[in-house]
Amino acid sequence: MRKSKFFRAEKLFDNVTAIAGLAGELCFLVEGSEKALLIDTLVGVGSLKAYVRELTDLPVQVVNTHGHLDHCGGNFEYGACYLHPADIGLLYNHSDPAGRLAFAKQGALPGGFQPLPEDVVPPCPLKTYPVYDGDVFDLGGVSLEVIGVPGHSRGTIVLLDRARRVVYSGDACNCNTLLFIEGATSIEEYKESLLHFKTFQPDFDVMYGGHGLVPVPKEIIDDAVSLCEEIMAGTDDGEPGETVGRPCLYAKKKRPNFTRLDGGLANIAYRKDGIWKNGGK
């Protein structure tokens with residue numbers, strides 16, 4: 001794979017390349033016979049567009065799993081993206097170059113390469129094409145199906161490749177799903193989303209998320225549903241914690257690396273006032 005001081009790449013399948021940014025955030029380049037789909041665009045430090053051009057000669061479309069800065073920052077090089085309309089506000093709210101540079105620096109090694117302000121892709125107006133649950137991206141011999149999973153954000157989607165039995169899941173469901181930050185749904189709504197997502201479990205085996213290349217088994221969805229039920233019943237651990245600089249509660253006790261003490265797969269960070277739809281009214 002082509003080397004870069006900003007990115008590193010790893011082949012997952014014959015037509016799928018995972019690309020990591022400086023802070024370890026991930027995007028996925030999926031190639032068909034006619035075009036390629038770039039699932040997320042990292043934080044937007046360094047030219048991802050130039051890097052991707054070294055990996056494929058196909059025309060590239062961009063789709064975002066959601067609107068947070070570590071998934072949309074490179075959009076501004078492409079000028080257009082597919083994004084659920086509920087997350088357009090997040091896309092622009094998180095476009096500040098200083099915030100994106102700070103995120104990238106989280107992964108910079110001491111004494112190693114340090115990104116500079118001029119390395120940040122400047123924000124600009126984007127064409128945003130809507131994408132919804134049930135939509136399909138046909139790349140020519142390769143199809144990716146959109147599944148809506150509102151939770152981490154109201155516009156969160158995942159993409160299902162039935163042929164390879166894999167889902168590209170962004171931050172939809174993982175060991176540290178944040179449901180207390182800007183744009184997130186209530187726990188009650190997230191459970192509904194997960195139950196919809198669960199109906200697709202027979203069609204895939206693992207998920208590749210936006211952070212960490214280890215594939216996650218599909219059973220994590222069942223874990224997350226159970227956590228939502230425990231939170232709603234008040235029987236979860238409710239472990240006080242802090243992430244992204246803000247206090248929260250974790251449904252299950254965890255280690256510093258976010259693995260659960262009880263061996264479970266999923267975990268949810270939430271606020272007491274974010275459990276019920278409309279604040280419980």
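How far is the sulfur of Cys-173 from the closest cysteine sulfur, and in which residue does that sulfur lie? In this predicted model, the separation is 8.6 Å and the partner is Cys-228, which is too far for a bond. Cys-173 is buried, at 3% relative accessibility. A second cysteine gives a similar reading. The sulfur of Cys-81 has its closest cysteine sulfur in Cys-72, at 6.4 Å. That distance is also too far for a bond, because a disulfide requires sulfur atoms within 2.5 Å. Cys-81 is buried as well, with a relative accessible area of 1%. The disulfide count is zero.

One open sheet contains six strands. Their order is E8-E9-E10-E11-E13-E14, and the pairing is mixed. Strand E8 (136–138) and strand E14 (216–217) form the edges, each pairing on one side only. E8 runs antiparallel to E9, joined by three bridges. Within this pair, Phe-137 has Leu-144 of E9 as its bridge partner. The two strands make a hairpin with four residues between them. Gly-140 sits in the turn and has a positive phi of about 95°.

E9 then pairs with E10, again antiparallel, through four bridges. Here Glu-145 stands opposite Leu-160 of E10. Five of the six residues of E9 are buried, so the strand is largely enclosed by the rest of the structure. Towards the other edge, E13 (residues 206–209) and E14 are antiparallel and share two bridges. Val-206 faces Pro-217 of E14 in this pairing.

Helix H6 (residues 187–198) lies across four strands of this sheet. These are E9 (143–148), E10 (157–161), E11 (166–170) and E13. The helix runs at about 150° to E9.

A separate open sheet has four strands in the order E12-E17-E16-E15. Its pairing is also mixed. The edge positions belong to strand E12 (177–178) and strand E15 (239–243), each paired on one side only. E12 is parallel to strand E17 (residues 268–270), with two bridges between them. Leu-178 stands opposite Ala-269 of E17.

Nonpolar packing comes next. The largest nonpolar core has 31 residues. Phe-7, Ile-19, Leu-38, Val-45, Leu-48 and Val-52 have the most contacts inside this core. Several elements give two or more residues to it. The strands among them are E3 (26–31), E4 (36–39), E5 (60–63) and E6 (80–83). The helices are H1 (48–55), H2 (69–72), H3 (75–78) and H5 (97–105). Beyond its neighbours within four places in sequence, Leu-38 touches residues including Cys-27, Phe-28, Leu-29, Leu-48, Val-52 and Tyr-78. Its contacts also include Val-60, Gln-61, Val-62 and Val-63. Another core, of 28 residues, lies apart from the largest one. Its members include Ile-147, Tyr-190, Leu-194 and Val-225.

Aromatic pairs number eleven. Phe-28 and Tyr-168 form a tilted pair, with centres 5.1 Å apart and planes at 45°. Phe-28 lies in strand E3 and Tyr-168 in strand E11, so this pair ties together parts that are 140 residues apart in sequence. Both rings belong to buried residues: Phe-28 has 3% relative accessibility, and Tyr-168 has 1%. The pair of Tyr-82 and Tyr-129 is likewise tilted, because its centres are 5.3 Å apart and its planes are at 35°. Tyr-82 lies in strand E6 and Tyr-129 in strand E7 (residues 127–130), so parts 47 residues apart in sequence are tied together. These two residues are partly exposed, Tyr-82 at 23% relative accessibility and Tyr-129 at 37%. Phe-6, Phe-7, Tyr-51 and Phe-113 form one aromatic cluster.

Backbone angles complete the description. Most residues other than glycine have a negative phi. Asp-40 has a positive value, near 75°. This residue is found in the loop between E4 and H1. Asp-40 counts as buried, at 2% relative accessibility. Arg-165 also has a positive phi, of about 55°. Its place is the loop between E10 and E11. Arg-165 is partly exposed, with a relative accessible area of 30%.

Conventions. Residues numbered from 1 in each chain as written. Predicted model: local features only at pLDDT ≥ 70, side-chain atom pairs only at ≥ 80, totals over all residues. Heavy atoms only, no water. Pairing = 2+ DSSP bridges. Contact = heavy atoms within 4.5 Å. Axes fitted to C-alpha atoms, helices over the stretch in contact; angles between N-to-C directions. Core = buried A, V, L, I, M, F, W, Y, C linked by side-chain atoms within 4.5 Å. Buried < 20%, exposed > 50% of the residue type's maximum accessible area, 1.4 Å probe, protein only. Phe/Tyr/Trp six-rings, centres within 6.5 Å; stacked < 30°, edge-to-face > 60°.
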